[in-house]
Amino acid sequence: MALSIGSIATTFVAKTAPFESGVKRASASVKRMGSDVQSAGMKASAAFKRFGDSVIVRAAKIAAAVAAIGFAKMAISAAAQMQQDIITIKAFLGSLEKANALMAKLREFAKTTPFQLKDLVKATKQLLAFGFAEDKVMDSLFIIGNLAAMSGANVSELAQIFGKIKSQGKLMGETLNQLAERGIPVITALAEHFGVVDSAIRDMVSKGQVSFNDMIAAMDNMAGAGGKFGKLMSEQSKTLAGRWSTLKDNVVELALTFGDLLIPVIDKLLRLGLTLVKWLGNLDKATIKQILTIGVMVKTLGYMITIIPKVMAGI
């Protein structure tokens, strides 16, 4: 039977209509599923973001609190150490006013050097211990600092060697070698000071002909304000390492500022605690037993435990 093109097309459409309808339904279903997945993904992303933000905020708060506590401890420690250093310097100078004045000079001096304040304070105490006069300390420290910057030697070690030479009154073979071993061109400096060849210096030293004043004069010509190495500390303080050292000193200065404010409060609390302990220690057994019975001691200690954090929180 002959079939027309029209009838074939009609039959094909009729036969495939259910399949096409199923494909459309499947396609719509896939689209809906994709939309649902995308929506779920966006919700999950938002949830994770909220969770992440919450964790980050909490972590930041915790970090800030830990940093604040750490800085407070550093401030108290720095201020306490400064008190001890000033008391030590006072013992050498005989006056708290002079000790504070010298410490102020050291703090300013540290800002222009690649050295830490604590190292300069240690060197200063060594110089004073060996009998350096108050008005000679900063000049000597300037020379020693430039020599340390030039050689890489420890500034407090050089101060100790200078102190030995002063206490002996002259340069000896041991201290000459100690300076030379640390990269200090002491022989050349002395040769220029005396106007002799380098080879003559050791013989002069062995005969006791190089006094402490000669040694200081030679070092001053080399590392003093007008010397060859007279600007080394200032120049090195502008390098990366020097700026890092200056930054640490600035942090210490900031800590000292806060520490000066905290120390009086901490001191009062410590005095109060010591007074309480002393009072309790002086009680007789009968009184202690009575206190324990009525619970007054428990209440007193409980009050102290409660009030001290509040006072600390209000600082």
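## Contacts, core and pocket of an all-helix chain

Glutamine 126 touches Ser156, Ala159 and Gln160, leaving out residues up to four places away in sequence. Its place is in helix α3, residues 117-129. Glutamine 126 has 17% relative accessibility, and it counts as buried because the cut-off is under 20%. The model described here is predicted.

**Overall fold**

The chain has 13 helices and zero strands. Read along the sequence, the pattern is therefore α-α-α-α-α-α-α-α-α-α-α-α-α. The chain holds 315 residues, and 30% of them count as buried. It exposes about 19,900 Å². Carbon and sulfur atoms supply 63% of that area. Take the contacts in the chain with a separation of 6 or more: residues 24 or more positions apart account for 65% of them.

**From α3 to α5**

One partner of glutamine 126 is Ala159. Alanine 159 lies in helix α5, which spans residues 155-168. At 0% relative accessibility, alanine 159 counts as buried. Apart from residues up to four places away in sequence, alanine 159 touches Ala123, Gln126, Leu127 and Ile144. Lysine 122 is 37 residues from alanine 159 along the chain, and the two C-alpha atoms are separated by 8.9 Å.

Threonine 113 sits elsewhere in the sequence, in the loop between α2 (96-110) and α3. Is threonine 113 buried or exposed? It counts as buried, because its relative accessibility is 0%. Threonine 113 and alanine 149 are 36 residues apart in sequence, yet 8.9 Å apart in space, C-alpha to C-alpha.

**The nonpolar core**

In soluble globular proteins, nonpolar side chains tend to be buried together. Here, the largest nonpolar core has 54 residues. Those with the most contacts inside it are Leu147, Leu158, Phe162, Leu171, Leu179, Ile184 and Met219. Which helix gives the most to this core? It is α4, with eight residues.

Leucine 158 shows what such a core residue meets. Not counting residues up to four places away in sequence, leucine 158 touches Ile144, Leu147, Ala148, Ala153, Leu179, Arg182 and Ile184. Among these partners, Leu147, Leu179 and Ile184 are also on the list of residues with the most contacts inside the core.

**Helix α4 and isoleucine 143**

Isoleucine 143 lies in helix α4. It is buried, with a relative accessible area of 5%. Beyond its neighbours up to four places away in sequence, isoleucine 143 touches Met219, Asp220, Ala223 and Gly224. Met219 is one of the residues with the most contacts inside the core. Isoleucine 143 and methionine 233 are 90 residues apart along the chain, and their C-alpha atoms are separated by 9.7 Å.

**Helix α6 and glutamine 178**

Glutamine 178 is found in helix α6, residues 173-181. It is buried, with a relative accessible area of 15%. Leaving aside neighbours within four places in sequence, glutamine 178 is in contact with Ile161 and Lys164. Isoleucine 161 is 17 residues away along the chain, with 7.5 Å between the C-alpha atoms.

The C-alpha separations are collected here.

| Residue pair | Apart along the chain | C-alpha to C-alpha |
|---|---|---|
| Alanine 159 and lysine 122 | 37 residues | 8.9 Å |
| Threonine 113 and alanine 149 | 36 residues | 8.9 Å |
| Isoleucine 143 and methionine 233 | 90 residues | 9.7 Å |
| Glutamine 178 and isoleucine 161 | 17 residues | 7.5 Å |

**The largest pocket**

About 280 Å³ of space lies in the largest pocket. It is lined by 17 residues, and the closest to its centre are Lys136, Asp139, Ser140, Ile143 and Ile216. So isoleucine 143, a buried residue at 5% relative accessible area, is one of those closest to the centre of the pocket.

Which helices each supply at least two residues of the lining? They are α4 (134-151) and α9 (212-223). Helix α4 gives the most, with six residues. By class, the lining has nine nonpolar, four polar and four charged residues. Helix α4 thus appears twice: it gives the most to the lining of the largest pocket, and it gives the most to the largest nonpolar core.

Technical notes: Residues are numbered from 1 along each chain as its sequence is written. This is a predicted model: local features need pLDDT of at least 70, side-chain atom pairs count only at pLDDT 80 or more; totals for chains, interfaces and linings use all residues. Side-chain values use heavy atoms; hydrogens and water are left out. On a 1 Å grid over the protein atoms alone, a cavity is a set of points where a 1.4 Å probe fits but cannot get out, and a pocket is an open set with protein on both sides within 12 Å along at least five of seven lines; lining residues have an atom within 4 Å of a point. Grid points are joined across faces, edges and corners, and a volume is the space filled by probe spheres set on the points. Helices (H or I, at least four residues) and strands (E, at least two) are DSSP runs, numbered from the N terminus. Ala, Val, Leu, Ile, Met, Phe, Trp, Tyr, Cys and Pro count as nonpolar, Asp, Glu, Lys and Arg as charged, and the others, Gly among them, as polar. Buried means under 20% relative accessible area, exposed over 50%, partly exposed in between (1.4 Å probe, protein chains only). Contact means heavy atoms within 4.5 Å. Accessible areas come from the Shrake-Rupley method with a 1.4 Å probe; for residues, only the protein chains shown count as cover. A nonpolar core is a set of buried Ala, Val, Leu, Ile, Met, Phe, Trp, Tyr and Cys residues joined through side-chain atoms within 4.5 Å.
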